[in-house]
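Q: Please take a close look at a single part of this structure and explain it step by step. I should like to see how each conclusion is reached.

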Amino acid sequence: MSLKDKVALVTGSASGIGEQCARKMAAEGAAVVIADLNLANAQKVADDIERNGGKAIAVAMDVTSEEAVEAGIAETVSRLGGIDVLVSNAGIQIVNRIEDYAFSDWKKMLAIHLDGAFLTTKAAIKHMYASGKGGSVIYMGSVHSHEASQLKSAYVTAKHGLLGLARVLAKEGGPRGVRANVVCPGFVRTPLVEKQIPEQAKELGITEEQVVRNVMLKETVDGEFTTVADVADTVAFLAGFESNALTGQSIVVSHGWFMQ
Ligand code: NAD
């Protein structure tokens, strides 16, 4: 139980990758906070973790709202006694060519991915510093933190930006025991990706099968999707890694799509 007695908050954990990260860390002994825009689904995940013997609470949080983020972190600290691990994971995808990309969509993407990462970090590290115990901040990046793909201007920009935020936090937090790293998955078959397959097929004028085979998995070593478990295992490893030896890094979990 490498995360025994730790408190871990995961944003966007009512679904997909975030949900599995929370489930994995709960299995490793952490008390987990399912923080999501969708409170009903977050509560279902928390209840299920508790039914399986873990400790979990659900918290409503829109990561783009400073007020909501501050309130969610304050609720976490008051109900669970502190916060040791933050996984900034909430995210959406909007695909379009730059010339057709609505400015409102661009701003929405940057707000969820970058404002969300900044606001949750700012709120959580205050408690990590004050406790004297430090902590671990993990950002959900992507292969798109390192590579570009057409149709994804805002996503690629935001995911590259997370590397910068993690590196600054690694420097500021290091002396106070706060580590910051980015996990960079390849394509994982979550609702976020299922939605993109028909959209990309339409935009690129190819079949859905061609999107999967020739766009999403073309550069992998084995033609396989990354799984939520692959990503969650990496997150749990970073959450439990106690020294500054691993900070300011990005770990790519992508079946060899991108090799650094
Ligand atoms: P998902 O759609 O399954 O889950 C995303 C969750 O985020 C949902 O529960 C949603 O309610 C929540 N959310 C959305 N906006 C929010 C907001 N403003 N505040 C709080 N919660 C909000 O998606 P996923 O595939 O699990 O993606 C999770 C993260 O992983 C994202 O940051 C995504 O960019 C990243 N990622 C996904 C893949 C992939 O292939 N699926 C690959 C690399 C990185």
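A: In this predicted model, a search of the whole structure finds zero disulfides. A disulfide requires two cysteine sulfur atoms within 2.5 Å. The sulfur of C21 has its closest cysteine sulfur in C184, at 13 Å, and that is too far for a bond. C184 is likewise in no disulfide, the nearest cysteine sulfur being that of C21, 13 Å away. C21 counts as buried because its relative accessibility is 0%, and buried means under 20%. C184 is buried as well, with a relative accessible area of 0%.

The helix α6 may now be examined. Helix α6 covers residues 191–204, which makes 14 residues. At 1.5 Å a residue, α6 should span 20 Å, and its end C-alpha atoms are indeed 20 Å apart, so the expectation and the model agree. The helix nevertheless bends by about 25 degrees at I197. A proline, P198, follows within four residues of that position. I197 is also one of the buried residues of α6; V193, Q196, Q200 and A201 are buried too. The buried residues of α6 pack against α7, which comprises residues 208–216. Just after α6, G205 takes a positive phi of about 70 degrees.

F103 offers a contrast in accessibility. F103 lies in helix α4, residues 103–131. Its relative accessibility is 56%, and therefore F103 counts as exposed, the cut-off for exposed being over 50%. From F103 to L119 there are 16 residues in sequence and 22 Å in space, taken from C-alpha to C-alpha.

Terms used
Residues numbered from 1 in each chain as written. Predicted model: local features only at pLDDT ≥ 70, side-chain atom pairs only at ≥ 80, totals over all residues. Heavy atoms only, no water. Helix = DSSP H or I, 4+ residues; strand = E, 2+ residues; numbered from the N terminus. Buried < 20%, exposed > 50% of the residue type's maximum accessible area, 1.4 Å probe, protein only. Expected span 1.5 Å × (residues − 1). Bend = angle between axes of the 7 residues up to and from the residue. Contact = heavy atoms within 4.5 Å.
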